[in-house]
Amino acid sequence: MYDPLLLPELREMLIENDTRAMQEFCEVFHSGVVAENLEALPNPDIWRVLSHTGLARQAEIFEFVSLPRQMELVATADKAHLSALLEEMAPDDRVDLIKNMDQSQVELLLPLIAQAERGDIRKLLSYPEHSAGSIMTTEYASLREDVTVREALAQLRLQAPNRETIYYVYVIDDARHLHGFISLRTLILGRPEALVSELMDKDVISVRVVDDQEIVANKIARYDFIAMPVVDDQGRLVGIVTHDDVLDVLQQEATEDVHRLGAVGPLEDSYLSTPFVTLAWKRGIWLVLLLVAGFGTSFVLSHYNQETERWEWLVWFLPLVLASGGNAGSQSATLVIRALALGQIDRKTQFRMGRRELFTGLALGAGLALLGFGFACLYVSATDAAVVAGTVALVVTFGTVNGTLLPIVLRRAGMDPALMSNPLIASLSDMLGVLIYYNVALFALRG
Amino acid sequence: MFDPLLLPELREMLIENDDAAMREFCNVFHPGVVAENLEALSAADCWRVLSQADLHRRGEIFEFFRRPRQMALVATIDKPHVSALLEVMAPDDRVDLLKKMEQSQIESLLPLVAQAERDDIRKLLSYPEHSAGSIMTTEYASLREDMSVKDALAQLRLQAPNRETIYYVYVIDDARRLRGFVSLRKLILAPLETRVADIMDRDVISVRVEDDQEDVARKIARYDFIAMPVVDDQERLVGIVTHDDVLDVLQQEATEDVHRLGAVQPLTEQYLESDFFTLWYKRATWLSLLFVAELFTFTALAHFESEIAKIVALSLFVPLCISTGGNSGSQAATLITRAVALGQVRLRDWLRVIRHELAMGLALGITLGAIGFVRAWLTPQSILGEANKWLLAAVISQSVAIICLWGTLVGSALPLIFKRVGVDPGVASSPFVATFVDVTGIVIYFSIARIYLL
């Protein structure tokens with residue numbers, strides 16, 4: 001990706017068994033670049049290249065390998081080496097990997113891992129999926145408030161090698177209660193004799209360990225932090241979430257939302273690496289549901305059989321009318337769902353949003369009704385065309401209102417608003433559309 | 001948001017004219033928290049509170065206001081104040097603000113801004129929208145390679161107050177060519193006499209100033225960087241893009257993608273802040289376009305007029321059959337569009353994608369067709385009239401299956417075709433695909449009906 005010549009060189013090294021070059025390859029480049037190039041090789045070759053560098057570096061590189069590939073590599077490594085590698089990995093990355101492994105496999109590995117690390121793994125594993133606790137790392141840098149800047153810097157030098165970041169340092173007491181926060185920048189600029197308590201920020205913005213990861217991500221994005229402290233319900237520091245994890249969370253949440261909007265159960269892997277059966281299931285289940293909703297439309301239609309026979313042209317405009325409602329509803333749902341995901345709408349503003357969508361729906365409906373009237377007049381009488389136009393206006397307005405309300409209702413019910421996908425909104429508005437259409441027609445034409 | 005009691009307290013301070021408390025409010029809290037609370041006040045009150053903070057702090061707080069609020073605030077004070085504020089703001093944030101202003105307003109402000117800052121503004125303004133140059137800041141920390149670590153740390157202390165970050169430091173030569181990179185972590189761990197050249201990384205991952213911001217964002221996300229250097233075509237360091245800007249870019253791009261998927265032209269402001277007319281326009285254009293396209297369903301249905309007249313029951317299943325194609329098409333379009341946006345699928349993968357989707361469309365189509373068969377067969381004879389229920393069930397199931405397959409293929413091909421001709425693949429929204437498939441779906445449905453029933 002980054003240097004197209006690296007991979008052929010790497011293959012050369014393997015053929016010539018050039019240990020020096022392999023070691024250099026592992027150590028000179030950014031660990032992400034090393035991982036990217038290694039991913040193109042078969043598993044045994046990856047382990048061979050990695051074996052030429054120290055365990056700590058191996059772990060750094062391994063963390064950059066994609067999760068599905070990590071799983072493959074884990075399956076081909078011997079347990080002793082694997083447990084050593086797990087000890088070296090960052091706590092959050094290692095827990096992500098372990099979560100994806102079989103329970104039996106994990107139970108075999110854990111006894112080989114040092115007691116302290118094992119306790120850490122079990123603790124992180126215990127936090128619920130999608131909580132702050134599930135994405136945080138426990139390797140944060142910390143200080144006491146009564147030390148001087150000089151002492152603080154000396155302590156940080158000791159902590160640095162196995163801390164995720166030392167740029168943000170948290171000030172805690174004996175019981176690990178969070179008292180303050182100080183950045184390395186402030187420390188470097190401070191007088192060596194000054195006390196940490198004089199320089200630190202006492203107003204620390206933190207999240208709770210059970211908070212949703214999306215809240216954490218939105219907060220970090222809002223305040224431009226490199227890291228954010230995570231506290232338990234007694235205000236004790238238990239970990240930090242770092243900027244890079246937040247990027248991953250935001251990407252992942254956006255992908256989930258987009259997939260849901262398209263009526264697909266969110267994929268965990270990339271599209272091309274998702275197995276056929278999984279993909280078929282995640283799509284099939286929704287399609288079947290939507291098909292059943294479509295039966296509803298047919299069912300409603302069958303009640304208007306006589307009208308259909310009497311006024312044949314009604315059916316000709318049916319898809320047009322129904323699609324307008326579905327399209328307008330999809331627009332509203334999309335806007336509401338995204339605004340909810342970004343935290344732009346709360347309980348107070350959702351009323352404003354509803355009112356706004358109602359007016360937009362009316363304006364859009366009126367515009368489309370005019371277009372529809374003009375078109376229908378070419379084929380049917382003005383009265384008939386007015387039925388079509390009136391229905392379009394109503395269906396579009398109802399579509400926008402549905403598209404706005406349904407995601408908000410889902411959110412209220414504690415579900416993901418993105419479940420209200422575009423196809424689902426379209427299906428629901430189809431059913432409603434048929435009802436409106438035939439009733440307007442009956443009202444206007446029966447005379 | 002953060003402390004619900006702050007705002008009432010703040011209003012109290014304003015009523016009581018408590019300058020000391022206002023100063024403390026500005027200085028004690030995170031600038032983001034200060035800005036959040038100030039957003040609730042009138043512009044005049046905002047300035048009252050801000051005037052208690054020193055200029056530097058004022059700039060920091062101001063950067064955290066949302067863009068429309070910044071614009072409103074700038075409009076209410078005199079030019080010397082604005083230009084002073086511009087001088088202390090971070091280069092990238094101030095250029096973002098200036099970009100939103102009228103050309104004439106900029107021209108009247110710039111002469112009041114100090115020469116050095118003015119040049120910086122003009123330079124950053126000159127980079128094209130969505131390029132790395134347009135989101136970078138020029139306030140990076142830099143060192144020379146022949147320095148000792150001790151000198152380097154002393155240098156950084158001098159640079160720190162007006163640098164966006166000092167945690168990532170770039171090593172440059174006299175011509176500003178990028179030679180290496182060293183993190184502050186490495187610097188404080190190294191012995192004081194070591195030369196920077198001995199501890200720096202020489203293999204620096206950088207982006208070019210004209211690269212697309214999405215590529216920059218993806219690179220930073222991939223390698224977990226706090227910042228990334230931006231170089232010009234002579235490999236000279238011109239700026240850095242920081243992690244917080246990348247978050248903004250990714251959020252913004254995701255929002256654009258989602259809006260396009262819902263057939264809305266992407267909004268640039270927050271939903272509640274976009275004005276009504278803009279919102280209407282961005283939706284009406286797509287909606288009308290889709291409406292006009294949907295008119296062809298009328299033409300198609302009118303074409304099969306005699307078939308409908310003969311067997312009215314056929315019309316009952318029109319919405320069902322065509323919505324199936326829209327649904328399966330939406331799924332395929334969504335998956336492919338997102339995979340393209342994340343760089344998981346490239347154009348050269350097209351054959352794999354189509355093969356994959358062909359098999360998927362068949363599998364899904366057969367499933368739905370089977371369910372459709374049962375449903376059509378269960379239709380009461382009173383509704384069907386003279387039509388044979390077995391034949392009707394065959395028509396429905398085959399139509400559903402073929403239309404589902406067709407929708408899947410269209411949905412997966414459209415984003416790739418759009419990408420190929422240089423249109424955003426996100427244009428293949430769910431409503432767009434559904435409309436496209438509706439018209440063709442009707443033709444498929446009645447053609448099959450003709451074979452069996454007429």
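**A walk through a two-chain predicted model**

Let's start inside a sheet: A:Val171 has A:Gly180, in strand 3 of chain A, as its bridge partner. Everything described here belongs to a predicted model. The pair sits where strand 2 (residues 165-172) of chain A runs antiparallel to strand 3 of chain A, a pairing that extends over five bridges. Step back a little, and you will find an open sheet of three strands in chain A, ordered 1-2-3 and mixed in its pairing. Strand 1 (140-143) and strand 3 (178-183) of chain A form the edges, each pairing on one side only. On average, neighbouring strands in this sheet are turned by 35 degrees against each other, with direction ignored. Helix 12 (residues 149-159) of chain A packs on the sheet and touches strand 1 and strand 2 of chain A. The direction of helix 12 makes about 155 degrees with that of strand 1 of chain A.

Now widen the view to chain A as a whole. Chain A contains 23 helices and six strands. How does the radius of gyration of chain A stand against that of a compact globule of 447 residues? The globule would come out near 22 Å, whereas chain A has 30 Å. Along the principal axes, the C-alpha trace of chain A spans about 90 × 60 × 40 Å. Of the 447 residues in chain A, 45% are buried. Sequence-distant contacts feature strongly too: among contacts in chain A between residues at least 6 apart in sequence, 71% join residues at least 24 apart.

Two single residues in chain A are worth a stop. A:Ile113 lies in the loop that links helix 9 (103-109) and helix 10 (115-125) of chain A. Is A:Ile113 buried or partly exposed? A:Ile113 counts as partly exposed because it has 18 C-beta neighbours inside 10 Å, and 20 or more would be needed for a buried residue. Leaving aside residues up to four places away in sequence, A:Ile113 touches A:Ser83, A:Leu86, A:Glu87 and A:Arg118. For a sense of distance, A:Ile113 and A:Leu371 are 258 residues apart in sequence and, C-alpha to C-alpha, 71 Å apart in space.

The second stop is A:Ala263, in the loop between helix 16 (243-261) and helix 17 (276-302) of chain A. A:Ala263 has a phi near 65 degrees, a positive value in a residue other than glycine. Most residues other than glycine have a negative phi. A:Ala263 is buried, since 28 other C-beta atoms lie within 10 Å. Chain B offers a companion case in B:His130, whose phi is near 70 degrees and thus also positive in a residue other than glycine. B:His130 belongs to the loop between helix 10 (115-125) and helix 11 (132-135) of chain B. With 15 other C-beta atoms within 10 Å, B:His130 is partly exposed.

Where do the chains meet? Their contact draws 94 residues from chain A and 97 residues from chain B. On the chain A side, helix 20 (residues 318-341) of chain A supplies the largest share, 16 residues. That side of chain A comprises 54 nonpolar, 27 polar and 13 charged residues.

Crossing into chain B, we come to another open sheet of three strands, in the order 4-5-6 and with mixed pairing. Its edges are strand 4 (207-208) and strand 6 (237-242) of chain B, each pairing on one side only. Strand 4 of chain B pairs with strand 5 (residues 227-231) of chain B in the parallel sense over two bridges, and B:Val207 stands opposite B:Val230 in strand 5 of chain B. Helix 16 (residues 243-261) of chain B packs on this sheet, touching strand 5 and strand 6 of chain B, and its direction makes about 65 degrees with that of strand 6 of chain B.

Two helix pairs in chain B round off the tour. Helix 5 (residues 55-63) and helix 7 (residues 79-88) of chain B pack at about 80 degrees with their axes 9 Å apart, which means that helix 5 of chain B is roughly perpendicular to helix 7 of chain B. The residues of this contact are five nonpolar, two polar and one charged. Helix 17 (residues 276-303) and helix 24 (residues 430-453) of chain B, by contrast, cross at roughly 10 degrees, and their axes come within 8 Å. Helix 17 and helix 24 of chain B are therefore roughly parallel to each other. Among the residues making that contact are B:Phe296 and B:Ala300 of helix 17 and B:Val439 and B:Ile442 of helix 24 of chain B. By class, this contact has 10 nonpolar, two polar and two charged residues.

Key
Residues numbered from 1 in each chain as written. Chains lettered and ligands numbered in written order. Predicted model: local features only at pLDDT ≥ 70, side-chain atom pairs only at ≥ 80, totals over all residues. Axes fitted to C-alpha atoms, helices over the stretch in contact; angles between N-to-C directions. Helix = DSSP H or I, 4+ residues; strand = E, 2+ residues; numbered from the N terminus. Parallel < 35°, antiparallel > 145°, perpendicular 65-115°, else oblique. Nonpolar A, V, L, I, M, F, W, Y, C, P; charged D, E, K, R; others polar. Rg over C-alpha atoms; globule rule 2.2 N^0.38 Å. Buried ≥ 20, exposed ≤ 12 C-beta atoms within 10 Å, placed from the backbone. Contact = placed C-beta atoms within 7 Å. Pairing = 2+ DSSP bridges.
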